[in-house]
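Subject: the structure I promised

Hi,

Here is the structure we talked about. Have a look at it first, and my notes on what turned up follow underneath.

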Amino acid sequence: MDGSAVVASAWDYTSGVEVEFVDADGVECSGPLTSWWAEPFELASPVRPFASFKGQKNFTGEYWAATSRTHVGYESWVERDAAMALDFDPAVVALASQPFRLAWSDGEREHGHTPDYFARLLDGTGVVVDVRPENLVDEATAKVFAFTARICEAVGWQIRHVGDLHQPYRANLRWLGRYRHRSPVAHRLREIFADPLPLLVGAERAGDRLAVLPVLYHLLWRHELTADLTLSPLGTGTLVHLTSRDRP
């Protein structure tokens, strides 16, 4: 679909929607979303600061994303886990937090919404991500999410609503995330796990487990090796094998 077709299809939902953002050069920009929808929001700086004050109940911080090699802000552990899951997704090539603020009117009152993340996929698709546990999505929030989803659909973006990650996937992801920055040569491990083997058996075949295990976890993070992370916490008996795309 060419740009003019996207803008035409978007007009019904986005003609009155404004967007505010800080571009990759640090310049503050604003205007109709129909004029800015093609902006690389995955490179944008946060449109608002992350609040931090004594006694606050939520935890703010920055997650270093291996995908984009940038710091990605978060305002809760749930958001931090969501950022880590996006970073782990092999389809995601870039990621930004608080990428823009949308503003619109329903004729009676003004509304605004700042999504938590914007990701760019390998195929060029943009993904808007809102993070909130399901039990905290009240009626007003649900309406904002629904309107945002219609806007995203109109301009060709995907929309994802993310809540708490389920155990043991969350625990496994946090563990593998410690090894996301390592980049050693691991040809021997790829050979060993060409057929499924228990994690520790394969590691010991490759050499000293203390030296091999960090490399093994790094390959799991990079999806060069794979295991079922949703079944149980990673352990010595977890079956690991070479990812199908890397098989000869």
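**The strands around S1**

Glu20 stands opposite Arg101 in S6. Keep in mind that this is a predicted model, so everything below is computed from its coordinates. The pairing that Glu20 belongs to joins S1 to strand S6 (residues 101–105) through three bridges, and the two strands run antiparallel.

S1 (residues 18–22) also pairs with strand S2 (residues 28–32), again antiparallel, and here there are five bridges. If you want one pair to click on, Val19 has Gly31 of S2 as its bridge partner. S1 and S2 form a hairpin with five residues between the strands, and in it Gly26 has a positive phi near 85°.

**The whole chain**

For orientation, the protein chain has eight helices and 13 strands. It has 248 residues, and 46% of them count as buried. How much of the contact set is long-range in sequence? Taking the contacts between residues at least 6 apart in sequence, 57% join residues at least 24 apart.

**A four-stranded sheet with helices on it**

Next, have a look at the open sheet of four strands, ordered S5-S8-S9-S10 with mixed pairing. Which strands stand at the edges? They are S5 (92–97) and S10 (158–162); each has a single partner strand, so one side of each has no neighbour in the sheet. On average, neighbouring strands here are turned by 25° against each other, with direction ignored.

Within this sheet, S9 (residues 126–131) and S10 run parallel and are joined by five bridges. One of the pairs to look for is Val127 with its bridge partner Gln158 in S10.

Two helices pack on the sheet:

- Helix H3 (residues 77–88) touches S5, strand S8 (117–121), S9 and S10, and its direction makes about 10° with that of S8.
- Helix H4 (residues 139–155) touches S9 and S10, and its direction makes about 155° with that of S10.

**Helix H8 and its two partners**

The other part I spent time on is H8, which packs with both H7 and H5.

With H7 first: helix H7 (residues 199–206) and helix H8 (residues 209–221) have axes that come within 8 Å and cross at roughly 120°. That angle makes H7 oblique to H8, and the crossing is right-handed. On the H7 side the contact is made by Leu199, Leu200, Ala203, Glu204 and Ala206, and on the H8 side by Arg209, Val212, Leu213, Leu216 and Tyr217. By class, the residues of the H7 contact with H8 are eight nonpolar, two charged and no polar.

Now H5: helix H5 (residues 169–177) packs with H8 at an angle of about 120°, and the axes are 9 Å apart. H5 and H8 are therefore oblique to each other. What is the handedness of the crossing of H5 and H8? H5 passes H8 in a left-handed crossing. The residues that meet are Leu173, Trp175, Leu176 and Gly177 in H5 and Tyr217, Leu220 and Trp221 in H8. Six residues in the contact of H5 with H8 are nonpolar and one is polar, with no charged ones.

One residue to highlight in your viewer is Tyr217 of H8: it takes part in the contact with H7 and also in the one with H5.

Cheers

Conventions: Residues numbered from 1 in each chain as written. Predicted model: local features only at pLDDT ≥ 70, side-chain atom pairs only at ≥ 80, totals over all residues. Heavy atoms only, no water. Axes fitted to C-alpha atoms, helices over the stretch in contact; angles between N-to-C directions. Parallel < 35°, antiparallel > 145°, perpendicular 65-115°, else oblique. Left-handed = near helix turned anticlockwise from the far one by under 90°. Contact = heavy atoms within 4.5 Å. Nonpolar A, V, L, I, M, F, W, Y, C, P; charged D, E, K, R; others polar. Pairing = 2+ DSSP bridges. Buried < 20%, exposed > 50% of the residue type's maximum accessible area, 1.4 Å probe, protein only.
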